[in-house]
Amino acid sequence: MDYFPIFVRIAGQPVVVIGGGEVAARKTLLLSRAGAEITLVAPALCPSLQERVARGELKYLAEAFRPEHLDGARLVVAATDVQAVNAWVSRSAEARNILVNVVDDRELSRFIMPAIVDRSPVIVAIGSSGDAPVLTRRLREKFEALLPAGLGKLARLSGELRSTVKQRVTDAEVRRRFWERFFDGDIAADVLAGREQAARASITQAIDSSLNQVDSTAAPVGEVALVGAGPGDPGLLTIRALRVMQNADVVVYDRLVSDEVMELVRRDAERIYVGKAAGQAYVSQEEINQLLVDLARQGKRVCRLKGGDPFVFGRGGEELEKLAEQGIRFEVVPGISAAIGCAAYAGIPLTHRQHAQVLTFATGHSKNEVAQAPVDWNLLSRPGQTAVFYMGLNGLPAILDQLRGHGLPAEQPAAVIEQGTRPGQRVITGTLATLAQQVAAAQVKSPALLIVGEVTRLHEQLRWFNTTAEQAHVDQIDMKAGLLE
Ligand code: SAH
């Protein structure tokens, strides 16, 4: 972090602004809005400042700057058009340990002012440490559009109710839930829609009934959300997934959930890892099922976070069966499955009018299992389709052999995508004859996905993501493999 963000309660506090032009006028406007006690120091004033001084909004000293002007100030803003004066103000403020801002000069500034979205009391402040003002302005526009005009009213209302609610509900955890319901519920909707009167009319009753619900001495009922975390890039999470992650009391997650995604979990949520990892005891599926039940029974909101989509080779169904059996409430939030994410980020369209009318998702198996696996190899070896194999890395040579054995030609194109959608993504393209060797040479590690079909050829033309040095190395291996063919 280059800057430490804070909000300053400046109302009634002395702030000195040096400069009498339009820039100074703009800066004082915002400071006035926050109630600062402003003293303006400048030999002359522009008309708009003259007017405000005449109205008594600002104290004015018609003098050239002297360091003593700063004595006792909380903040100083230098807004003259003489660089030497600005620098002098900056030095003088620094010498007095007063925070100083020099307009448009971050070197001379101790603090800088963010772009803001004002829905007071809610204020969104956005900064780029001075690196990208246009970008921060864009972001500001987004927030302006995103945040309803009534947000401030809603926040004020919640401020008014806080002490009542605090008195009625002593348990902090229950209180948090009350507020979550409050902001999701009818009263909030009314306020945001501009129907504050209606909201206020029903408020006492609403608080009562809602407090009765969360207050009740009956054991709290937990719930489980089975959430797809996608293949790795956090940008591929759904809005719903993010919301559940932000509201969860506890998150139970797998090895395939990326660190970047875990970063987005509510900070004080408990995290329980149930993936396989070297040196750690393996948590069995039965144990995971039971864990979810136990956590929900404790009244927790459980986010069961799984890589990709929970219903695609994710055993999500098994976990829900157990929850349903035990009468525990649940919901399912779909995610971008590895096949969808990897194909998109590798520039491999899974279907294509010329190459593939059928798309199959299959699961690969460990080496020895491939031959006996209950997989319809005839089906997977038909031309005119794309077949995607999850968990196919260990059994790769055997899978490729089976496909050839069931009628696909040795030249049939195929690709392996390692770490799809993540910064380390590598795409290895070859044929049924070459791919196993290429993958071994590139030392591909899990997670990796196998795609078989004509569409994999399009990678060469449509690749767009992560065309890095790592990938260049793989391309070299690919070329050698091409010579092998
Ligand atoms: N439910 C998950 C799949 C779990 S099975 C989903 O819908 O994606 C685990 C397999 O998914 C891995 O062995 C690998 O084949 C594939 N996989 C998951 N994430 C991947 C990624 N980022 N890149 C490549 N393959 C991935």
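Here are some informal notes on this chain, which is a predicted model.

1. Start with the overall make-up. Running through the chain you'll meet 19 helices and 17 strands. Of its 485 residues, 44% count as buried.

2. Now the overall dimensions. The radius of gyration is 31 Å, whereas a compact globule of 485 residues would come in near 23 Å. Along the principal axes, the C-alpha atoms fill a box of roughly 95 × 65 × 45 Å. Keep those box figures in mind when you turn the model around.

3. How do the contacts split by sequence distance? Take the contacts in the chain with a separation of 6 or more: 65% of them are between residues 24 or more positions apart.

4. A word on the surface and the charges. About 26,100 Å² of the chain is exposed, and carbon and sulfur atoms supply 53% of that area. As for charge, there are 54 positive and 56 negative ones, and their mean positions are 3 Å apart.

5. Next, the aromatic rings. A pair of aromatic rings is described by the distance of the centres and the angle of the planes. With centres within 6.5 Å as the cut-off for a pair, the count for this model comes to 13 aromatic pairs. Two of them are worth a visit.

6. One is Trp179 with Phe182, an edge-to-face pair with 5.1 Å from centre to centre and 80 degrees between the planes. Why are these two about one helical turn apart? Because Trp179 and Phe182 sit three residues apart in helix α6, which covers residues 172-184. Both Trp179 and Phe182 are buried. If you look around them, you'll find that ring pairs link Phe178, Trp179, Phe182 and Phe183 into a cluster.

7. The other is Trp377 with Phe389, and this pair is stacked: the centres are 6.1 Å apart and the planes are at 15 degrees. Here Trp377 belongs to helix α15 (residues 377-380) and Phe389 to strand β14 (residues 385-390), so the pair ties together parts that are twelve residues apart in sequence.

8. Are the rings of that second pair's residues buried or exposed? Anything under 20% relative accessible area counts as buried. Trp377 has 7% relative accessibility, so Trp377 is buried. Phe389 has a relative accessible area of 1%, so Phe389 is buried too.

9. If you only have a minute, go to helix α6 for Trp179 and Phe182, then to helix α15 and strand β14 for Trp377 and Phe389. That gives you one edge-to-face pair and one stacked pair to look at.

Methods: Residues numbered from 1 in each chain as written. Predicted model: local features only at pLDDT ≥ 70, side-chain atom pairs only at ≥ 80, totals over all residues. Heavy atoms only, no water. Helix = DSSP H or I, 4+ residues; strand = E, 2+ residues; numbered from the N terminus. Rg over C-alpha atoms; globule rule 2.2 N^0.38 Å. Buried < 20%, exposed > 50% of the residue type's maximum accessible area, 1.4 Å probe, protein only. Contact = heavy atoms within 4.5 Å. Areas by Shrake-Rupley, 256 points an atom, 1.4 Å probe, with all protein chains shown as cover. Lys, Arg positive; Asp, Glu negative; His and termini not counted. Charge placed at Lys NZ, Arg CZ, Asp CG, Glu CD. Phe/Tyr/Trp six-rings, centres within 6.5 Å; stacked < 30°, edge-to-face > 60°.
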